[in-house]
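Colleague: I've got a model open in the viewer and I'd like to learn how to read it feature by feature. Can you walk me through it?

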Amino acid sequence: MSMATEHYIKHPDCYMGEAEGYGYAFIPGGKAGIVVLDPRSKELLNNLTTFQAGVDEPRLELLLENGLVIDHNAEPTPSCCLTESRIRTFGTWLHVTNACNLSCSYCYIHKDGKPMPIETARVYLDKLEETVANHHLGSLVVRFAGGEPTLQNDLVRMLAQEIDLRFKQKGVQTTLVLITNGTLLNQSWVDFIKEQDMRLCISLDGVEEWHNRTRFFRDGKGSFQIVWDNILLCQEAGLQPTVLTTITEKNLDGLKALTHLLVGTDLRFRYGIYRDTDGGYQGYQNFIRKLSVVLHSCYDYYEGAIRSDRVVFRHQLADIRIDANRHLRCCSIGHSGITVGHDGTVYLCQSRMNTTPIGTVWDSTTFLEMLQGQQLMPDLRSKDVRDYSQCNQCQWALTCGGGCPIVNQDTYGTAATASPYCELFKEFIPRLVGLRALSLIRALIRKGGDAACRIL
């Protein structure tokens, strides 16, 4: 090793691979996400003693800029943490109605069929405005959910317009998300979603009977065909909906067919994982073993489609995020996000709406103050994934964020521990990194890239 590189080392958490003649590197929680490397850059990163003066200086500079190589004598960069003073974005899961036209078998909502009163919605907006002002927040994410939010056409439209007036037009970056079962979407909804630049998430649990087993109307009739037709309607109108799939033991065997359908249509999709905590640890292990086999088969097909340039990578598995962010927790629960029920009660999480609330929209405290004072899950107030048992030494901790804290709490009695899906995450994070990298590399090749390219 030359004098120029003797004090440099490859980042200890750097994961490397290769595809299509290129290399790639990824540091969980790093600032660059996945970095594509030409063969020489990959060789240099893998073995800095091969550095050639007068030749490799540009490559070394780019490796340093992307954080793949570090100076082991430098002072460590202060790590970020989940403190109230750092919160700039606040999220709300807004339960605009407790009614739904489906009777999904795994739904956690105890429905009374009531919508959110307009007066309650306005008090919510006032409280949100107070929270933004008092805590100097710069951005908001509001998710319209339920029940089935498209049952409340007028209310959703009023809320969207008020959010635009109260926040967006005053410089607060605002993201609206509609989470729907997709059965009631029509051209009017499509036009509104486009007008509001709203993100759209549609639930789909399988093809034909696999979806219909868990997501059916009150009369028992399955909803697949209606939902699929509406997904295509959205695509034809220029929307890019994200398909949300909940994997359970009831639809697992249909996951491969669903993957073929979603990949073939080039849709964005997220596979969530749900298993009832009944049966304990062994039940999780049996489910995970079977799920692992099925997922590998799904990703083999996805890889082939990416390699043949039919699609690009548009997928998320559970709480895993392959990006350039540090995921100190998998979501904003207990820190910078709340759920507001249709009756104005405030909860830690939408999956905990059958438990004790942490406040109401009529309380004198702001939404963030409610979170800071909650005692239902105290671990969420002070700990992040680096404090979780079994996570603090894991290479992938800042990619999965430790998994869902609610699932952890239900399984082990504490939120501050590794997910029961931990081994599944460790198995599939490298696979997902590889798929994402392959997609980037294929895009580079389509643009005329060759083996002499520099780091992207």
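**A buried serine and what surrounds it**

Modeller: Let's start with Ser 223, which is buried, with a relative accessible area of 1%. Keep in mind that this is a predicted model.

Colleague: Where does Ser 223 sit along the chain?

Modeller: Ser 223 falls in the loop between α6 (209–212) and α7 (224–236).

Colleague: And which residues is Ser 223 in contact with, leaving aside its neighbours within four places in sequence?

Modeller: Those are Leu 102, Thr 183, His 211, Asn 212, Arg 215 and Phe 217. Look at the histidine in particular: the side chains of Ser 223 and His 211 are joined by a polar contact of 2.8 Å.

**The sheet**

Colleague: On to strands. What holds a sheet together, in general?

Modeller: The strands pair through backbone hydrogen bonds, and the pairing is either parallel or antiparallel. Here you can follow an open sheet of 10 strands with mixed pairing, in the order β12-β11-β10-β9-β8-β7-β6-β13-β14-β15. Its edge strands are β12 (315–317) and β15 (359–360), each of which pairs on one side only.

Colleague: Could you zoom in on one pairing? How many bridges join β10 to β11?

Modeller: There are 6 bridges between strand β10 (residues 242–247) and strand β11 (residues 268–273), and the two run parallel. For a landmark, find Val 243, which stands opposite Phe 269 in β11. That phenylalanine also belongs to an aromatic cluster, together with Tyr 271, Tyr 302 and Phe 313.

Colleague: Which strands does helix α4 touch?

Modeller: Helix α4 (residues 153–166) packs on the sheet, where it touches β6 (89–95), β7 (139–145) and β8 (173–180). The direction of α4 makes about 175° with that of β7. Then there's α7, the helix that follows our serine's loop: α7 lies across β9 (199–203) and β10, at about 160° to β9.

Colleague: How exposed is Asp 164 in that α4 helix?

Modeller: Asp 164 is in helix α4, and it counts as partly exposed, at 25% relative accessibility. If you want a distance to check, Asp 164 and Leu 176 are 9.9 Å apart, C-alpha to C-alpha, with their positions 12 residues apart in sequence.

**An enclosed strand**

Colleague: Why would you call strand β3 largely enclosed?

Modeller: Because 5 of the 5 residues of β3 (residues 22–26) are buried. Tyr 22, Tyr 24 and Phe 26 point one way, Gly 23 and Ala 25 point the other way, and all are buried.

Colleague: What pairs with β3?

Modeller: β2 is joined to β3 by 5 bridges, running antiparallel, and β4 (residues 34–37) is joined to β3 by 4 bridges, also antiparallel. Use the residue partners to get the register: Tyr 15 has Phe 26 as its bridge partner in β3, while Tyr 24 has Val 36 in β4. β2 and β3 make a hairpin with 2 residues between them, and Glu 20 in the turn has a positive phi of about 55°.

**Rings**

Colleague: How many aromatic pairs turn up in the whole structure?

Modeller: The search finds 10 aromatic pairs. One of them is Tyr 15 with Trp 396, edge-to-face, with 5.4 Å centre to centre and 65° between the planes. The planes have to be over 60 degrees apart for that label. Tyr 15 is in strand β2 (residues 15–19) and Trp 396 in the loop between α11 (379–382) and α12 (397–400), so the pair links parts of the chain 381 residues apart.

Colleague: Are those two rings buried or exposed?

Modeller: Tyr 15 is partly exposed, at 22% relative accessible area, whereas Trp 396 counts as buried, at 7%. Next, take Tyr 124 and Phe 367: that pair is tilted, at 6.0 Å centre to centre and 40° between the planes. Tyr 124 lies in helix α3 (residues 118–134) and Phe 367 in helix α10 (residues 367–373), so the pair ties together parts 243 residues apart in sequence. Both Tyr 124 and Phe 367 are buried.

Colleague: Which rings does Arg 157 lie over?

Modeller: Arg 157 lies over the face of Trp 189, at 5.6 Å from the ring centre, and over the face of Phe 192, at 4.5 Å from the ring centre.

Methods
Residues numbered from 1 in each chain as written. Predicted model: local features only at pLDDT ≥ 70, side-chain atom pairs only at ≥ 80, totals over all residues. Heavy atoms only, no water. Phe/Tyr/Trp six-rings, centres within 6.5 Å; stacked < 30°, edge-to-face > 60°. Buried < 20%, exposed > 50% of the residue type's maximum accessible area, 1.4 Å probe, protein only. Lys NZ or Arg CZ within 6 Å of the ring centre and 35° of its normal. Polar contact = N/O pair within 3.5 Å; in protein donor to acceptor, adjacent residues only side chain to side chain. Contact = heavy atoms within 4.5 Å. Pairing = 2+ DSSP bridges. Axes fitted to C-alpha atoms, helices over the stretch in contact; angles between N-to-C directions.
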